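Okay, thanks for coming, everyone. I'd like to walk you through a few bits of secondary structure, so let's get the picture up.

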Amino acid sequence: MNDPARAILSNPVRPWWHGATIYQIYPRSFADSNGDGIGDLAGITAHLDYVAGLGVDAVWLSPFFTSPMKDFGYDVADYCDVDPIFGTLADFDALIARAHALGLRIIIDQVWSHTSDEHPWFVESRSSRTNPKADWYVWADAKPDGSPPSNWQSVFGGPAWTWDARRGQYYLHNFLKEQPQIHGHNADVQSALLDTARFWLDRGVDGFRLDAINFAMHDPQLRDNPPAPSNGKTRTRPFDFQRKLYNQSHPDIPAFLQRVRALLDEYDGDRFTVAEVGGDDAEREMKLFCGGGDKLNTAYGFDFLYAPGFTPRVLRDALDNWGEGDPWPSWAFENHDAPRAVTRWMPADADPAVFGRLKMLLLACLRGNIFLYNGEELGLPQVDIAYADLQDPEAIANWPLTLSRDGARTPMPWVADAENLGFGTGKPWLPAGESHRALAVDRQERDPASLLAYTRRILDLRDSHPALRSGSLTIVEASDAILAFDREADGERLRCVFNLTNAAQQFAQHSVGTTIETVGTITGDTYGPYAASVSIRP
């Protein structure tokens, strides 16, 4: 269906997503409209004015599809319906309509490397070796000694194979055993997945994030993965002991992504695709999945999501890996799978107000699309979740060595003095963070010096300057303390300088030009702790 509101969202100069700011919403934790303790689509719709007021271009919704919730929606049992805990298809249609009326695009997850074991496809596939969907998942016979077909390990711990007595075979699962691996090489499976994409495109969605897409196809020969060097790192899972050469990242994946792109090109309005790609070979795969203009639009990996340090060299290396031209990069400092960045990066003696502004300004100055995770605009820290309250299956399986993802998934704090910080009236599925009370939306709304107010201003700055939105990026300095780079487009050149330490630093090349934004204290050539500036250069 064509959406009449879409015309007002189009940009005749460049695709809307080029340099866009995309706001990720984790539906379970955003806003609970019915008091059952779980966020829902109606709760999101009720807060879209707030999201639009940030100045973002689009919203990415994490999964809301029918699911038994073994992995909180990333185990999909029906790709074309809404789980009742989140609402109905009518609720989704209302969300789309309100978003488009506010000028927001809607991007949704597509989880195409696996389904739930309750998905009708898998129920049929496991029923026999001769049914019409027998080859829709990855099945294999046991070795002569009864052991699994290969040595592949699951991300969540233990072998990536589970025995199924009904078929007398093992099935592959790169994540939970309740998340059987789709046989991505099967052309019929690919067509069925594209049909699910068409279902949502016809309902008005503006694009997709393809979850764990480098897991979409495996090595049909089922060769064993070789061991990985330890590199002195603590390894918390068997998965970390292998080089993942054969259970993922098959060279046929880009051809499938060409089919995805062809489908989206049938629709008007610059539909958008972003790949999630993690792992040891992520940089090469991201470029392979997005390069050439005939596959996905962009990809974001894990350069910053798990980086323990916030250093010029970490940032320089990530930026250098992408360079100029095709493909176009995307960046995120936080998401639902990673610890909150302020907790990972900010020293205990740093000024949270200054650090939060520097982090937000740096993200807004990067070349590429940028993703904000709900609550990041408030400066939320990670919440320490007690073992008894854990929901994250990976953290439970590997406790206490794997940091729980739950600490970044706690309820959004809307009203400081309200029950459950305004998230909803029922007991939340995860406890609200007490450290979030002082950072609640209602308190920051009343404070013109808040990080929320600053985020709105900085996103407006990004949109107001073509050099920031879509320009080139040239590193000027990446020392132990200072990161400086130039952004340039349409005859405009900006110098962006960041002191990424909690001590004063000298940088002499900032003073020529007109300063349009600062963070912290800058006196002459001296940048105070976590100080930054953006200047227009002649």
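**Strands first, then a helix pair**

Let's start with one pairing: Trp163 has Tyr170 as its bridge partner in S8. Bear in mind that this is a predicted model.

So where does that bridge sit? Strand S7, residues 161-164, runs antiparallel to S8, and 4 bridges link them. Those two strands make a hairpin with 4 residues in between, and Gly168 there has a positive phi near 65°.

Now look across to S6, residues 139-140. S6 is joined to S8 by 2 bridges, again antiparallel. On this side, Trp139 is the one to click on, with Tyr171 as its bridge partner in S8.

Put that together and you get an open sheet of 3 strands, ordered S6-S8-S7, with antiparallel pairing. S6 and S7 are the edge strands, each pairing on one side only.

Okay, what about the side chains of S8, residues 169-172: buried or exposed? Well, Gln169 and Tyr171 point one way, Tyr170 and Leu172 point the other way, and all of them are buried. That's the textbook pattern, really: side chains in a regular strand alternate between the two faces of the sheet.

Moving along the chain, there's another open sheet of 3 strands, also antiparallel, and the order here is S17-S20-S19. S17 (505-506) and S19 (522-523) are at the edges with a single partner strand each, so each has one side without a neighbour in the sheet. If you zoom in on S19 and S20, residues 526-527, you'll find 2 bridges in the antiparallel sense. Thr523 is opposite Thr526 of S20 there.

Last up, helices. Quick reminder that a packed pair is described by the angle between the axes and the distance between them.

The pair I picked is H10, residues 352-365, and H13, residues 451-464. Their axes come within 10 Å and cross at roughly 20°. Angles under 35 degrees count as roughly parallel, so that's what we call H10 and H13. The crossing is right-handed.

Which residues of H10 and H13 make the contact? From H10 we have Gly356, Arg357, Met360, Leu361, Leu363, Ala364 and Cys365. H13 brings in Leu451, Tyr454, Thr455, Ile458, Leu461 and Arg462. Sorted by class, that contact has 9 nonpolar, 2 polar and 2 charged residues.

That's my tour, happy to rotate anything you'd like to see again.

Terms used: Residues are numbered from 1 along each chain as its sequence is written. This is a predicted model: local features need pLDDT of at least 70, side-chain atom pairs count only at pLDDT 80 or more; totals for chains, interfaces and linings use all residues. Side-chain values use heavy atoms; hydrogens and water are left out. Axes are lines fitted to C-alpha atoms, for helices over the stretch in contact, and angles run from 0 to 180 degrees between N-to-C directions. Angles under 35 degrees count as roughly parallel, over 145 as roughly antiparallel, 65 to 115 as roughly perpendicular and the rest as oblique. A crossing is left-handed if the near helix is turned anticlockwise from the far one by less than a right angle, and right-handed if clockwise. Contact means heavy atoms within 4.5 Å. Ala, Val, Leu, Ile, Met, Phe, Trp, Tyr, Cys and Pro count as nonpolar, Asp, Glu, Lys and Arg as charged, and the others, Gly among them, as polar. Buried means under 20% relative accessible area, exposed over 50%, partly exposed in between (1.4 Å probe, protein chains only). Two strands pair if DSSP finds at least two bridges between them.
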